[in-house]
Amino acid sequence: MTELRIPTAAGVFDAITAGPPEGRPVLLLHGFPQTSLAWHRQIAALAAHGYRVVAPDQRGYSPGVRPERPEDYRMSVLVDDVVAITEELGWARFDLVGHDWGGAVAWWTADAHPGRIRTLTVVSTPHPRALSGALRGDEDQRARSHYMRDWLETPTTEDRMLADDAALLRALYAEKVPQSSVDAYLRHLSRPGALTAALNWYRSGRPERAIGVIDVPTLYVWSTQDTAFGPAAAQETRQWVDGPYRFETLRGVSHWIPEEAPEGLNRLLLDHLHTYDETGTAPNTRSAGPWSDEKQISN
């Protein structure tokens with residue numbers, strides 16, 4: 001793996017890359033409160049299979065793209081970042097993978113630019129319309145999402161999260177993320193302005209438009225011990241994908257799937273990518289239509 005700097009009109013994104021330059025391109029989008037480091041096991045696995053992988057530190061996490069206003073973290077701007085990054089990389093089409101907030105950006109990017117997305121893989125985060133429906137009608141999901149309201153207040157939230165050697169921030173990882181990674185995330189987010197920038201994703205307001213049904217081949221991976229996203233939204237997500245769809249459940253795994261269950265996720269991800277050729281269509285009978293598989297996956 002090597003470090004990469006990606007210049008765009010918005011600023012310079014820091015990234016990690018691996019794999020042959022001529023390999024099929026895959027973009028990995030991290031969530032909160034993490035960086036591209038969250039994907040290191042997936043980067044290694046994909047590169048070993050000949051894929052060209054890039055995992056950027058997203059807006060606010062890259063010091064070179066860290067505006068101060070919450071409105072500069074609107075979803076349309078985050079999607080524009082994906083387009084700008086991939087255009088700078090020279091990728092006309094690419095496979096897109098996202099987790100947590102990166103998963104939300106991935107859903108919205110696939111909706112706005114389906115012609116550029118060969119396949120979509122979203123980890124943990126349900127389709128935004130499925131989540132909205134659960135927030136309206138499912139008490140369990142409303143309880144799981146209550147933390148978002150607490151994080152809207154600034155700078156109180158930042159102060160509380162970083163107090164006592166960032167005890168509150170450390171607790172979010174629930175001892176499911178390697179300690180070395182937690183230490184790296186906390187060093188990163190303790191720098192001036194970094195945590196506020198990351199929290200601005202929550203403070204940016206509602207998206208400017210409604211998201212539609214996704215047409216590209218989609219793998220959605222959810223885990224039963226996810227504290228942020230419950231089963232109602234996870235199960236409803238299939239209603240918002242018209243393209244080939246695969247739903248996988250990792251039992252006994254927390255929200256931090258890429259780091260807690262890397263081998264299981266890597267198997268699913270590689271199988272999903274291998275199913276589709278360069279045009280984004282399946283070369284075998286699995287392309288007959290949308291499907292939904294729910295299986296118990298070992299870590």
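1. How many bridges join strand 2 to strand 4, and do these strands run parallel or antiparallel? In this predicted model, strand 2 (residues 11-18) and strand 4 (residues 52-56) run antiparallel and are joined by four bridges. Within this part of the structure, threonine 17 stands opposite valine 54, a residue of strand 4.

2. The wider setting is an open sheet of eight strands, in which the pairing is mixed and the strand order reads 1-2-4-3-5-6-7-8. Its edges are formed by strand 1 (2-8) and strand 8 (245-254), each of which pairs on one side only. From one strand to the next, the twist averages 20°.

3. Helix 2 (residues 75-89) lies across strand 1, strand 2, strand 3 (25-29), strand 4 and strand 5 (94-99), and its direction makes an angle of about 110° with strand 1. The antiparallel strands 2 and 4 of the opening point are thus among those that helix 2 lies across.

4. Helix 2 also packs with helix 3 (residues 101-112), at an angle of about 80° and with the two axes 9 Å apart. Angles of 65 to 115 degrees count as roughly perpendicular, and helix 2 and helix 3 are therefore roughly perpendicular to each other.

5. As for the residues involved, helix 2 contributes Met75, Leu78, Val79 and Val82, which meet Trp101, Ala104, Val105, Trp108, Thr109 and Ala112 of helix 3. Sorted by class, this contact between helix 2 and helix 3 comprises nine nonpolar residues and one polar residue, with no charged residues.

Note on methods. Residues numbered from 1 in each chain as written. Predicted model: local features only at pLDDT ≥ 70, side-chain atom pairs only at ≥ 80, totals over all residues. Heavy atoms only, no water. Axes fitted to C-alpha atoms, helices over the stretch in contact; angles between N-to-C directions. Helix = DSSP H or I, 4+ residues; strand = E, 2+ residues; numbered from the N terminus. Parallel < 35°, antiparallel > 145°, perpendicular 65-115°, else oblique. Contact = heavy atoms within 4.5 Å. Nonpolar A, V, L, I, M, F, W, Y, C, P; charged D, E, K, R; others polar. Pairing = 2+ DSSP bridges.
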